[in-house]
Every structure is written in C-alpha cells, then in structure tokens.
Amino acid sequence: MENRHRDYPFLPYHSLCVQQRHSFPIRIEQTILTEEEKEQAKKSKQKKKQQTRQKNKVKNKGGRPLGSKNKNKIDVELNPELLRNLGLDSGIALSS
C-alpha cells in the first residue's frame, strides 16, 4: 500500500514554549501543488534516481572534488514549495 499522507500535504505553524517543552499550533494550511510544481517534483525524483545509480556504479574517494570552487550561498534559487512557505509565513505575527 502506498503512502497516503502525500495526497494531502499540510503546512503547520507552531508556537514553541521551551520551558514547558510544548508546542501550540497557530495555523495549519493545506498546500495544493500546481501542475508546474508536480512536474518539477517528478523531474527532481528522476534526477536523484540517476545520481544514485551513478554513485552505486562508481565509488570515488571521499572529500572535496579537485577544482571545485566556493559557491555564493546568498544567491540561492528557491523551489516553488519554499516560496509558498515564505508567502504563508508573512501572514503570521509573532509575539515575544
């Protein structure tokens, strides 16, 4: 039987109380994927499968590859799911 929890993805936001070690739900939203996001997810799954197959075929030495450069971590492309999460996050007011 396949995992049914993937059919209805939810994005919960919680307020955490560290002293009581308890979380209080603030908001729960159901996320509905667009066709573009579904296609992108399929492509990334296929790409990951190909990469794991290639890794299983050839075992390389550990460590950083020769000739690799440092990447600028500020210039990051966010996938549609992260962009949606940032949009939902803007509607929540945090109190201190």
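**Salt bridges, step by step**

E29 is partly exposed, with a relative accessible area of 24%. Keep in mind that this is a predicted model.

**Exercise 1.** Find out which residue E29 meets in a salt bridge, and how exposed that partner is.

*Solution.* Start with the pairing: the E29 side chain meets that of R27, with N and O 2.5 Å apart. The cut-off is 4 Å, so a 2.5 Å gap qualifies. Next, look at the partner: R27 has 26% relative accessibility and is partly exposed. E29, at 24%, falls in the partly exposed class too. As background, side chains of opposite charge can pair when their charged atoms come close.

**Exercise 2.** Locate the salt bridge that E35 forms, and say where its two residues sit.

*Solution.* E35 pairs with K38, and their closest N and O atoms lie 3.9 Å apart. That is within the 4 Å limit, so the pair counts. Now place the residues: both belong to helix α1, which covers residues 35-57. They are 3 residues apart, or about one turn of the helix. Finally, check accessibility: E35 is exposed at 55%, while K38 is partly exposed at 39%.

**Exercise 3.** Put the bridges in the context of the whole chain: how many salt bridges are there, and what is the order of the elements?

*Solution.* Searching the whole structure turns up 2 salt bridges. The chain has 2 helices and 2 strands, running β-β-α-α from the N terminus. Of its 96 residues, 10% are buried. The chain exposes about 9,900 Å², with 52% of that supplied by carbon and sulfur atoms.

Definitions and conventions. Residues numbered from 1 in each chain as written. Predicted model: local features only at pLDDT ≥ 70, side-chain atom pairs only at ≥ 80, totals over all residues. Heavy atoms only, no water. Buried < 20%, exposed > 50% of the residue type's maximum accessible area, 1.4 Å probe, protein only. Helix = DSSP H or I, 4+ residues; strand = E, 2+ residues; numbered from the N terminus. Areas by Shrake-Rupley, 256 points an atom, 1.4 Å probe, with all protein chains shown as cover.
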